[in-house]
Amino acid sequence: MESHKPESTSPPPPPPNPFKDCWLLTKEHFNTEKHVPDRATYGLVSGEEVTKERVTAVYFSASWCPPCQKFTPLLRQMYQDLRNRNAPLQVIFISFDRTKEAMEEYYLSCHGDWLAVPYDDPLREQLSNKFNINAIPKLVVLRPDGEVITMRGRKDVQDKGMISFRSWQNAANLADTVSLTRTFSETRGVSVTRDPDE
């Protein structure tokens, strides 16, 4: 009688972080007024480092796309509000622009202070294929290990705004250290100064 070794029931390994071995652009990379010894590498950051312990929102967009022109300001405002609260969020822009110059102008003038995959990096096409991007704007939200939280990040942002981050953070198993409630003065746009005699 033959004995059979039981099959392993361990879960499959997590998907690799797609930004593990790449360099990403910061807006500082395009600061031509600053003299730097190596312009080619100035303003680049490690993709692995900036996605570690963070929710990563991969933003596929282009300057020629009217829905992108409407959505980008919403995403930029949400990103800024969350960064002001030290939320563990990183947005990475992947351009569908037709030229490098169009991508750079759009990134510098319309986007938040987030990162971008260089226009000539093959990662742009690889991620577009991996996530089957056939319409833009598209916001794909990832865990730190690269596993997809949602392919519908744009809808989350449009429908729930900043509160959508809470569900992303929970799905990423990250500690909840961010207050997403707005104070009365924030919701009314009123600044409040405290009376020193109180």
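What follows is a walk through the fold, the core, one helix and a few individual residues of this predicted model.

Starting with the overall layout, the protein chain contains seven helices and seven strands. Read from the N terminus, these elements come in the order β-β-α-β-α-β-α-β-α-β-β-α-α-α. The chain is 198 residues long, and 42% of those residues are buried. Contacts were also sorted by how far apart the partners sit in sequence: among contacts with a separation of 6 or more, 65% involve residues 24 or more positions apart.

On to the core. The largest nonpolar core has 48 residues, and F19, Y59 and F60 are the ones that touch the most other members. Helix α2, spanning residues 66-84, gives this core its largest share, with six residues. F19 has a long list of partners once its neighbours within four places in sequence are set aside: L24, G47, E48, T51, T56, V58, I92, V117, L123, L127 and L142. As for cysteines, the structure has zero disulfides. C22 is buried, at 9% relative accessibility, and C68 is buried as well, at 0%.

Charge pairs come next. Four salt bridges turn up in the structure. One of them joins D145 to R143, with 3.3 Å between the closest N and O atoms. Helix α5 (residues 153-160) holds the pair D159 and K155, which sit four residues apart, or about one turn of the helix. Their side chains meet in a salt bridge with an N to O distance of 2.4 Å. D156 and K160 repeat the spacing, again four residues apart in α5 and about one turn of the helix, and their salt bridge comes in at 3.9 Å, N to O. The spacing makes sense, because an α-helix has 3.6 residues a turn, so residues three or four places apart point the same way. Once there, side chains of opposite charge can pair when their charged atoms come close.

The surroundings of these charged residues are worth a look too. K155 counts as partly exposed, with 39% relative accessibility, and K160 is also partly exposed, at 45%. D156, in contrast, is buried: its relative accessible area is 13%, which falls under the 20% cut-off. D156 shares that status within α5 with G153 and V157. Viewed down the helix axis, the buried residues of α5 fit within an arc of 95 degrees, so they line one face of the helix. Packed against these buried residues are α2, β6 (138-142), β7 and α6 (164-171). Just after α5 comes G161, which adopts a positive phi of about 60 degrees.

D156 also leads to T150, which sits in strand β7 (residues 148-150). T150 touches D156 along with L139, V140, V141 and W168, leaving out residues up to four places away in sequence. T150 is buried, with a relative accessible area of 16%. A polar atom of the T150 side chain lies 2.9 Å from the backbone nitrogen of R152.

Two loop residues round things off. H111 is located in the loop between α3 (100-110) and β5 (115-116). Loop or not, H111 is buried, with just 4% relative accessible area. Its side chain makes a polar contact with the side chain of W114, at 3.1 Å. Beyond its neighbours within four places in sequence, H111 is in contact with K27, Y59, T72, R76, F93 and Y106. Of these, Y59 has already come up as one of the core residues that touch the most other members.

Y119 belongs to the loop between β5 and α4 (123-130). With a relative accessibility of 19%, Y119 counts as buried because the cut-off is under 20%. Away from its neighbours within four places in sequence, Y119 is in contact with S95, D97, R98, T99, K100, M103 and R124. D97 is 22 residues from Y119 along the chain, yet their C-alpha atoms are separated by 8.8 Å.

Note on methods: Residues are numbered from 1 along each chain as its sequence is written. This is a predicted model: local features need pLDDT of at least 70, side-chain atom pairs count only at pLDDT 80 or more; totals for chains, interfaces and linings use all residues. Side-chain values use heavy atoms; hydrogens and water are left out. Buried means under 20% relative accessible area, exposed over 50%, partly exposed in between (1.4 Å probe, protein chains only). A polar contact is a pair of N or O atoms within 3.5 Å; within protein, one must be able to donate a hydrogen and the other to accept it, and residues adjacent in sequence count only if both atoms are side-chain atoms. Contact means heavy atoms within 4.5 Å. A nonpolar core is a set of buried Ala, Val, Leu, Ile, Met, Phe, Trp, Tyr and Cys residues joined through side-chain atoms within 4.5 Å. A disulfide is a pair of cysteine sulfur atoms within 2.5 Å. The arc is that of the directions from the helix axis to the C-beta atoms.
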